[in-house]
Amino acid sequence: MCAVCGCGPHASSLEGGHVHDHGHAHAHGHDHAHDHAHAHGSHDEHEEASRLLRLEADLLSRNDRIAQENRDFLARIGSVAFNLIGGPGSGKTSLLERTIRTLGREMPIAVLEGDQETDLDAERIRMTGVPVLQINTGSGCHLNAEMVGRSLRRLEPRPGSVVFVENVGNLVCPALFDVGEHAKILVASVTEGPEKPLKYPQIFREAHVLVLNKTDLLPHLDVGLHAYVENARRVNPDLRIFSVSCTKGIGLRPFFDWIVATARAETAAARGG
Amino acid sequence: MHELALAESLFDLVVEKTETSKVRRIRIEVGRSLAVVPDALRFCFEIVSKGSSLEDATLEILEIPISGRCSGCGWEGSVEGSLPLCPRCSCAVELRSGGELRVRDVEVI
């Protein structure tokens with residue numbers, strides 16, 4: 001029996017008396033919404049109709065394309081972006097506050113704050129006096145290029161700005177999503193344990209810089225700094241590592257110098273290009 | 001944990017390429033270094049594609065083993081598991097394979 005109108009295999013009319021001509025030899029398309037659980041003859045015609053599309057496309061190609069547009073947008077206004085990644089509570093916002101208070105007088109800084117909920121971090125950054133926008137991802141566990149692109153255009157950073165994009169606290173997903181940054185800065189704290197680089201190798205491999213925070217707490221821990229550094233270098237030999245304490249303000253100068261030097265080199269390259 | 005994000009990206013990409021065509025099968029290559037759990041990715045994709053032209057598509061995941069050259073001692077070969085570390089000296093292995101995240105092909109009706 002046909003599931004469309006209830007007619008038998010050779011019937012040409014229904015009890016209601018309407019005449020219809022949809023015998024079952026025809027291909028009765030799939031414009032109507034019915035599943036294929038019923039038996040309406042052979043599915044051979046569908047088998048023949050299917051075709052293979054070779055895509056050979058990078059799964060994240062759309063995100064990567066938008067990330068490049070963000071980079072181009074920043075280059076046009078002589079600005080650069082750093083993507084701040086790391087686990088929740090590693091000290092990303094504290095590092096930002098310190099950085100802004102020290103470098104804010106030397107160069108224009110703007111901030112995009114990513115969190116699942118609340119604008120608490122944006123509020124902290126606002127206190128420092130720099131332009132900031134909060135992006136709430138809701139159920140999303142990372143920022144993607146589209147969210148950052150939209151927010152960047154709303155933020156309208158001054159020409160020559162350094163834009164810090166603070167990602168959602170997460171050691172997994174942000175590793176995969178380029179948001180248009182010039183470098184990924186990974187913030188990890190020594191209290192998270194020295195095995196983190198081995199447990200989350202992808203994010204340590206993707207990072208250009210590791211800021212190892214909370215070194216003031218080392219005396220209370222069983223392992224020394226070398227264990228963290230060694231494991232981080234095992235998964236990423238090119239990683240540039242800064243050991244700091246954001247709360248005590250220790251060891252930050254070399255990191256600030258790196259930010260200034262990288263930003264100047266990038267904006268000079270953008271102007272030259 | 002990143003499976004949902006990947007499922008969403010996969011969905012967007014395939015819909016962009018196939019438009020309204022009904023998709024029967026999707027074949028993707030995933031390198032082991034990304035530590036993607038195939039069952040979790042399939043589960044997320046099922047949720048993401050519900051009610052769309054991709055709803056009935058079978059997701060075939062080809063896992064690509066890690067291989068490459070050690071940045072420390074120069075050792076070359078394949079590495080078991082998802083951690084690209086040299087089995088000889090534990091240094092990072094420069095990936096020749098195992099970092100893939102690609103849609104190979106799709107079968108549309």
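Colleague: Which residue of β4(B) is the bridge partner of B:Gly68?
Modeller: In β4(B), that partner is B:Gly77. This is a predicted model, where local features need pLDDT of at least 70 and side-chain atom pairs count only at pLDDT 80 or more, while totals for chains, interfaces and linings use all residues. Residues are numbered from 1 along each chain as its sequence is written, chains are lettered from A and ligands numbered from 1 in the order in which they are written, and side-chain values use heavy atoms, with hydrogens and water left out.

Colleague: Why do β3 and β4 of chain B count as paired?
Modeller: Pairing asks for at least two bridges found by DSSP between two strands. Strand β3 (residues 66-70) of chain B is joined to β4(B) by 4 bridges, running antiparallel, so the two pair. The strands themselves are DSSP runs of E, at least two residues long, while helices are runs of H or I with at least four, and both are numbered from the N terminus.

Colleague: What makes β4 and β5 of chain B edge strands?
Modeller: Each pairs on one side only. The open sheet of 3 strands has the order β4-β3-β5 in chain B, with antiparallel pairing. Its neighbouring strands are turned by 40 degrees against each other on average, direction ignored.

Colleague: And what is the strand order of the sheet in chain A?
Modeller: There, 7 strands form an open sheet in the order β4-β3-β5-β2-β6-β7-β8, with parallel pairing. The edge strands are β4 (132-136) and β8 (240-243) of chain A. From one strand to the next, the twist averages 20 degrees.

Colleague: How do you know that β2 and β5 of chain A pair?
Modeller: Strand β2 (residues 80-85) and strand β5 (residues 162-166) of chain A share 5 bridges in the parallel sense, and the rule asks for at least two, so they pair. One example is A:Ala81, whose bridge partner in β5(A) is A:Val163.

Colleague: Why is the link between A:Arg54 and B:Asp105 called a salt bridge?
Modeller: The term needs a side-chain nitrogen of Lys or Arg within 4 Å of a carboxyl oxygen of Asp or Glu. Here the N to O distance is 4.0 Å, so the pair qualifies. Across the interface of chain B and chain A the rule finds 2 salt bridges. B:Asp105 is also the bridge partner of A:Arg54 in β6(B), and 6 bridges join β1 (residues 51-58) of chain A to β6(B), running antiparallel.

Colleague: How many residues of each chain are in contact at this interface?
Modeller: With contact meaning heavy atoms within 4.5 Å, 32 residues of chain B touch 31 residues of chain A.

Colleague: What area do the two chains bury between them?
Modeller: About 2,900 Å², with 64% of it on carbon and sulfur atoms. Buried area is the accessible area (1.4 Å probe) that two parts lose on being put together, summed over both.

Terms used
Axes are lines fitted to C-alpha atoms, for helices over the stretch in contact, and angles run from 0 to 180 degrees between N-to-C directions.
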